[in-house]
Amino acid sequence: MNAVLLVGVGGLLGALSRFAVGSVVADGRRATLAVNLLGSLALGALTARLAADATLVALLGTGFCGAFTTFSSFAVETVESYESGARRAALGNAAANLVGALVAVGLGGWLATAL
């Protein structure tokens, strides 16, 4: 299957999944953090397990995880908090998303190879 089509199908599924998480988690910042951590965990596991399979990497890694996670929402929410004077909340949000995503990728890779 064409790589562009795979990324598109994965992106559609990732966007729908992100919408579902946003429907369940009412707080926008928590929903963004949830999808970024879950997507990073999944991407770490996929990379560790499926790096040699370009088809699955395009569908699940680039398409699904790329659409499921959201750096732009995280950036907007962090800047809005900072500009409104909630600087501790902004720094906490930045740390939770950035450090949390790095830890989640490593954990996903470790879990995929250990299990």
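Is Phe74 buried or exposed? Exercise 2 settles it.

This is a predicted model, where local features need pLDDT of at least 70, side-chain atom pairs count only at pLDDT 80 or more, and totals for chains, interfaces and linings use all residues. Residues are numbered from 1 along each chain as its sequence is written, and side-chain values use heavy atoms, with hydrogens and water left out.

**Exercise 1. State how many helices and strands the chain has, and give their order.**

Solution.
- Start with the rule: helices (H or I, at least four residues) and strands (E, at least two) are DSSP runs, numbered from the N terminus.
- Count them: the chain has five helices and zero strands.
- Read along the sequence: the pattern is α-α-α-α-α.
- Add the dimensions: the C-alpha trace spans about 50 × 30 × 20 Å along its principal axes.

**Exercise 2. Classify the aromatic pairs and the exposure of their residues.**

Solution.
- Rings of Phe, Tyr and Trp (its six-membered ring) pair if their centres lie within 6.5 Å; planes under 30 degrees apart count as stacked, over 60 as edge-to-face and the rest as tilted.
- The structure holds two aromatic pairs.
- Phe64 and Phe68 lie 5.6 Å centre to centre, with 15° between the planes, and this pair is stacked.
- Both residues sit in helix α3 (residues 54–68), four residues apart, about one turn of the helix.
- Now apply the exposure scale: buried means under 20% relative accessible area, exposed over 50%, partly exposed in between (1.4 Å probe, protein chains only).
- Phe64 has 23%, so Phe64 is partly exposed.
- Phe68 has 7%, so Phe68 is buried.
- In the other pair, the ring centres of Phe71 and Phe74 are 5.2 Å apart and the planes stand at 65°, so the pair is edge-to-face.
- Phe71 and Phe74 are three residues apart in helix α4 (residues 71–83), about one helical turn.
- Phe71 is exposed at 58% relative accessibility.
- Phe74 is buried, because its relative accessible area is 6%.
- An α-helix has 3.6 residues a turn, so residues three or four places apart point the same way.

**Exercise 3. Check the length of helix α5 and find what covers its buried residues.**

Solution.
- The expected span of a helix is 1.5 Å times one less than its number of residues.
- Helix α5 (residues 87–114) has 28 residues, so it should span 40 Å.
- Its end C-alpha atoms are 39 Å apart, which agrees.
- Its buried residues include Ala90, Asn97, Gly100, Ala104 and Gly108.
- The cover over the buried residues of α5 includes α2 (28–50) and α4.

**Exercise 4. Describe the surroundings of Ser40, Ser81 and Val7.**

Solution.
- Contact means heavy atoms within 4.5 Å.
- Ser40 lies in helix α2 and is buried, with a relative accessible area of 11%.
- Leaving aside neighbours within four places in sequence, Ser40 is in contact with Thr69, Ala101, Ala104 and Val105.
- Ser81 is in helix α4 and is buried at 2% relative accessibility.
- Not counting residues up to four places away in sequence, Ser81 touches Arg29, Ala86, Arg87 and Ala90.
- Val7 lies in helix α1 (residues 3–24) and is partly exposed at 31%.
- With residues up to four places away left out, Val7 touches Ala58, Thr62 and Gly63.
- The C-alpha atoms of Val7 and Ala67 are separated by 9.4 Å, although these residues are 60 residues apart along the chain.

**Exercise 5. Find the charged side chains that meet a partner or a ring.**

Solution.
- A salt bridge is a side-chain nitrogen of Lys or Arg within 4 Å of a carboxyl oxygen of Asp or Glu.
- The whole structure has one salt bridge.
- Arg30 and Asp27 form it, at 3.9 Å from N to O.
- Arg30 is exposed, at 60% relative accessible area, and Asp27 is partly exposed, at 37%.
- Side chains of opposite charge can pair when their charged atoms come close.
- A charge sits over a ring if NZ of Lys or CZ of Arg is within 6 Å of the ring centre and within 35 degrees of the ring normal.
- Arg87 lies over the face of Tyr82, at 4.5 Å from the ring centre.

**Exercise 6. Give the burial and contact totals for the chain.**

Solution.
- Buried residues make up 30% of the 115 residues.
- Among contacts with a separation of 6 or more, 74% join residues 24 or more positions apart.
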